[in-house]
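Biologist: I am new to this structure and would like a close look at a single part of it. Please take one helix and describe what surrounds it.

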Amino acid sequence: MPETAGAVRTIGLRVDGTEHRLTVDPRRTLLDLLREQIGDYSAKKGCDHGQCGTCTVLLDGRRVLSCLTLALSCDGMEVTTAAGLAEDGELHSLQQSFLDHDAFQCGYCTPGQICSAAGLLAEFGDGVPSRVTKPENSDEAVRLRQTGDDGGGGAGSGGRSVRDVPRRRAGPAVFGPVRRVPHAYRASFWCGR
């Protein structure tokens with residue numbers, strides 16, 4: 001006998017390096033699963049319609065809007081939130097760049113911007129073409145991939161933060177020293193509710 005539409009199912013996924021086996025309702029979104037069942041508050045709920053990008057996470061390394069992604073479709077996959085980008089207590093180069101460029105504004109949507117930027121840089125590395133640019137790492141290509149043609153979110157200091165990452169990876173011998181800004185609230189900034 002086939003299962004009914006409302007029947008719960010068990011899935012397994014890895015979130016920020018930790019394995020989870022969860023029973024989920026087929027209608028539950030990845031965002032709600034992260035926040036309500038796992039207790040990971042890095043991904044934020046903004047518009048809940050896939051328009052603002054606040055809920056962006058990486059799913060097997062690609063950017064997705066977690067408010068539009070059904071949790072069942074993530075079975076066996078790797079989810080990376082902004083909190084999961086840091087390694088061994090050190091901020092990811094994108095997180096540090098956002099801090100250095102004061103790109104976090106009020107901070108609510110910053111984790112989504114960070115994940116979107118990490119996916120963007122991975123797309124460049126994989127040679128994935130964009131609908132608006134060739135796969136090149138120029139200031140214009142970064143701006144258009146991060147914001148689309150509307151010039152909205154991720155522009156300004158957020159865009160500079162993304163463009164700064166290749167400079168960081170090349171090192172001070174090529175681009176000069178990178179300014180580090182100490183922030184006492186770093187851990188809560190990426191993981192706060």
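**Helix H1 and its surroundings**

Modeller: The protein exposes about 9,800 Å², and carbon and sulfur atoms supply 51% of that area. The model is a predicted one. Of the 193 residues in the protein, 44% are buried. There are 8 helices and 5 strands, and from the N terminus on the elements run β-β-α-β-β-β-α-α-α-α-α-α-α. Among contacts between residues at least 6 apart in sequence, 55% join residues at least 24 apart.

The helix to look at is H1, which spans residues 30-38. Its buried residues are Leu30, Leu31, Asp32, Leu33, Leu34 and Arg35. Asp32 and Arg35 are thus on the buried list together with four leucines. As a general point, an α-helix has 3.6 residues a turn, so residues three or four places apart point the same way. What covers the buried residues of H1 includes strands S1, S2, S3 and S5, the last of these at 78-80. After H1 comes Gly39, whose phi is positive, near 80°.

H1 also belongs to a wider picture, the largest nonpolar core. This core has 18 residues, and those that touch the most other members are Leu13, Leu30, Leu33, Leu34, Val57 and Val79. At least two core residues are supplied by each of strand S1 (9-15), strand S2 (18-24), helix H1 and strand S3 (56-59). H1 gives the largest share, 4 residues.

Leu33 shows what one position in H1 meets. Leaving out residues up to four places away in sequence, Leu33 touches Leu13, Leu22, Val24, Arg28, Ile38 and Ala71. Leu13 falls within S1, while Leu22 and Val24 fall within S2. Leu13 and Leu33 are also both among the core residues that touch the most other members.

Apart from this core lies another, of 13 residues, which includes Leu58, Ile114, Cys115 and Ala117.

For a contrast with the helix, consider a residue in a loop. His92 lies in the loop between helix H2 (82-85) and helix H3 (93-100). At 19% relative accessibility His92 counts as buried, because the cut-off for buried is under 20%. A polar atom of the His92 side chain lies 2.9 Å from the backbone nitrogen of Leu94, and Leu94 falls within the range of H3.

Methods
Residues numbered from 1 in each chain as written. Predicted model: local features only at pLDDT ≥ 70, side-chain atom pairs only at ≥ 80, totals over all residues. Heavy atoms only, no water. Buried < 20%, exposed > 50% of the residue type's maximum accessible area, 1.4 Å probe, protein only. Polar contact = N/O pair within 3.5 Å; in protein donor to acceptor, adjacent residues only side chain to side chain. Core = buried A, V, L, I, M, F, W, Y, C linked by side-chain atoms within 4.5 Å. Contact = heavy atoms within 4.5 Å. Areas by Shrake-Rupley, 256 points an atom, 1.4 Å probe, with all protein chains shown as cover.
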